[in-house]
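Reader: Hi! I'm new to this one and would love a friendly walk through it. Can we look at it together?

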Amino acid sequence: MAAGRAHRADPVRRARRPAGPAHPGHPGPTGGRVIDVIEVRRAGPLTTVQDLGRLGYAHLGVPRSGALDPAALALANRLVGNPVSAAGLEITLTGCELRPTRAVTVAVTGADADVRVGRRPGDVGRPLAVPAGAVLRIGPARDGLRNWLAVSGGIAVEPVLGSRATDTLSGLGPPPVRDGDRLPLGPWPGPPPPVDVTVGRPPTGELRLTLRPGPRADWFTPEALDRLLGTPYTVSPVGDRVGARLTGAPLPRAVAGELPSEGIVLGAVQVPADGQPLVFLADHPTTGGYPVIGVVDDVTALAQARPGTTVRFHGPQR
């Protein structure tokens, strides 16, 4: 599922500069504006900048991208007083380690994980004060696969087409976060208001996904549809933000010819030549050449599905 990356300017690393005073907008040594940052001491295998995505550009071939669980990122932003559309970090599996150059409030949502500021423990789903220069450590996910981190002020990398989201397929937005990056922070938004919420946990056990017939369901045999709705599939280790690959009973085709490239939507279940279904996620392409047998109503649960998770499809309830 690898894809070529378009050449582009680098808004993350262009923002690097020596840290100055603790408050944004104060003049630095040269009289310019000082950019407060959060320093990345350990990025983990895949940490990306995400917001709620690029809406309204699919007709130009630009997918939405954005957080794989938008509600989790929106909750983290509310907990620190940001607009829900502010950019944060999406962190995969093994956690990360960060250090802000100004005092910030942070919130971590998603998978259960250890959260610490220096030696002080914190909780997933609660705001946490991080002094300037203190080290924030987010440990490996104990359940699920991903966490979302919001920082007061938001991650203020340069937007592309109205969004700061990293699109791992098209290469739009900032590149994935690496050790040593210095991510610019937006202005302090003020103290966060009280947020009365129940923090959801990643689903455990098998996932049940509602499936509606796709535009090319007639390219498959009746047996294929029975298999898809009647047998379990397993999340493959070969997956990413583009899509969740599943393994299980292959889905036989009724039409063997080639299909011209056509539109793809979030949740589309495409079936390549090996007959194994692929569910498209946030960084999906806008077109594809394999037939789409169905479309999943809500793919949010797949954001936390580890390899080996059992997936069952069922039709919409009437």
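Reader: Let's start with Gly308. Where is Gly308 found?
Author: Gly308 is in the loop between β19 and β20. Keep in mind as we go that this is a predicted model.

Reader: Is Gly308 buried, exposed or partly exposed?
Author: Gly308 counts as partly exposed, because its relative accessibility is 46%.

Reader: And which residues does Gly308 touch, leaving out those up to four places away in sequence?
Author: Those are Thr234 and Val235. As for Tyr233, its C-alpha atom is separated from that of Gly308 by 9.1 Å, and the two residues are 75 apart along the chain.

Reader: Tyr233, okay. How many aromatic pairs does a search of the whole structure find?
Author: The search finds 1 aromatic pair. Tyr233 and Phe313 form it, with an edge-to-face arrangement: 6.4 Å centre to centre and 65 degrees between the planes.

Reader: Where do Tyr233 and Phe313 sit in the chain?
Author: Tyr233 is in strand β13 and Phe313 in strand β20, 80 residues apart, so to speak a link between distant parts of the chain.

Reader: Are those rings' residues buried or exposed?
Author: Tyr233 is buried, with a relative accessible area of 0%. Phe313 is buried too, at 2%.

Reader: Which residues have the most contacts inside the largest nonpolar core?
Author: They are Leu251, Val279, Val296, Leu302, Val311 and Phe313, in a core of 31 residues. The elements that give two or more residues to this core are α2 (70-80), β12 (207-213), α3 (222-230), β13 (233-235), β14 (243-247), β19 (292-296) and β20 (310-314). β12 gives the most, with 3 residues.

Reader: Can you zoom in on one of those residues? What does Val296 touch?
Author: Leaving out residues up to four places away in sequence, Val296 touches Leu209, Thr210, Leu211, Leu266, Gly267, Val269, Val279 and Phe313. Apart from this core lies another, of 27 residues, including Ile38, Ile91, Val104 and Leu185.

Reader: You listed α2 earlier. Why is α2 said to be largely enclosed by the rest of the structure?
Author: Because 8 of its 11 residues are buried. The buried ones are Ala72, Leu73, Ala74, Leu75, Ala76, Asn77, Leu79 and Val80.

Reader: What covers the buried residues of α2?
Author: The cover includes β2, β3, β5 (104-110) and β10 (146-151). Just after α2, Gly81 takes a positive phi of about 90 degrees.

Reader: Which residues other than glycine have a positive phi?
Author: Ser65 and Leu93 are examples: phi is near 55 degrees for Ser65 and near 65 degrees for Leu93. For background, most residues other than glycine have a negative phi.

Reader: Where do Ser65 and Leu93 lie?
Author: Ser65 lies in the loop between β2 (47-50) and α2, and Leu93 lies in the loop between β3 (88-92) and β4. Ser65 is buried, with a relative accessible area of 3%, whereas Leu93 is partly exposed at 32%.

Reader: New topic: Glu97. Where is it, and is it buried or exposed?
Author: Glu97 is in strand β4 (residues 96-100). It counts as buried, because its relative accessibility is 16% and the cut-off for buried is under 20%.

Reader: Which side chains does the side chain of Glu97 make polar contacts with?
Author: One contact is with the side chain of Arg41, at 2.8 Å, and another is with the side chain of Arg137, at 3.3 Å. Setting aside residues up to four places away in sequence, Glu97 touches Glu39, Val40, Arg41, Arg42, Val135, Leu136 and Arg137.

Reader: Now the whole chain. How many helices and strands are there?
Author: There are 3 helices and 20 strands. Of the 318 residues, 49% count as buried.

Reader: Last one: what is the mean pLDDT, and where does pLDDT stay under 50?
Author: The mean pLDDT is 88, and 86% of the residues reach 70 or more. Over residues 1-31 pLDDT stays under 50. Where pLDDT is low, the predicted coordinates should not be read in detail.

Notes
Residues are numbered from 1 along each chain as its sequence is written. Side-chain values use heavy atoms; hydrogens and water are left out. A nonpolar core is a set of buried Ala, Val, Leu, Ile, Met, Phe, Trp, Tyr and Cys residues joined through side-chain atoms within 4.5 Å. Buried means under 20% relative accessible area, exposed over 50%, partly exposed in between (1.4 Å probe, protein chains only). Helices (H or I, at least four residues) and strands (E, at least two) are DSSP runs, numbered from the N terminus. Contact means heavy atoms within 4.5 Å. Rings of Phe, Tyr and Trp (its six-membered ring) pair if their centres lie within 6.5 Å; planes under 30 degrees apart count as stacked, over 60 as edge-to-face and the rest as tilted. A polar contact is a pair of N or O atoms within 3.5 Å; within protein, one must be able to donate a hydrogen and the other to accept it, and residues adjacent in sequence count only if both atoms are side-chain atoms. pLDDT is the predictor's confidence in each residue, from 0 to 100.
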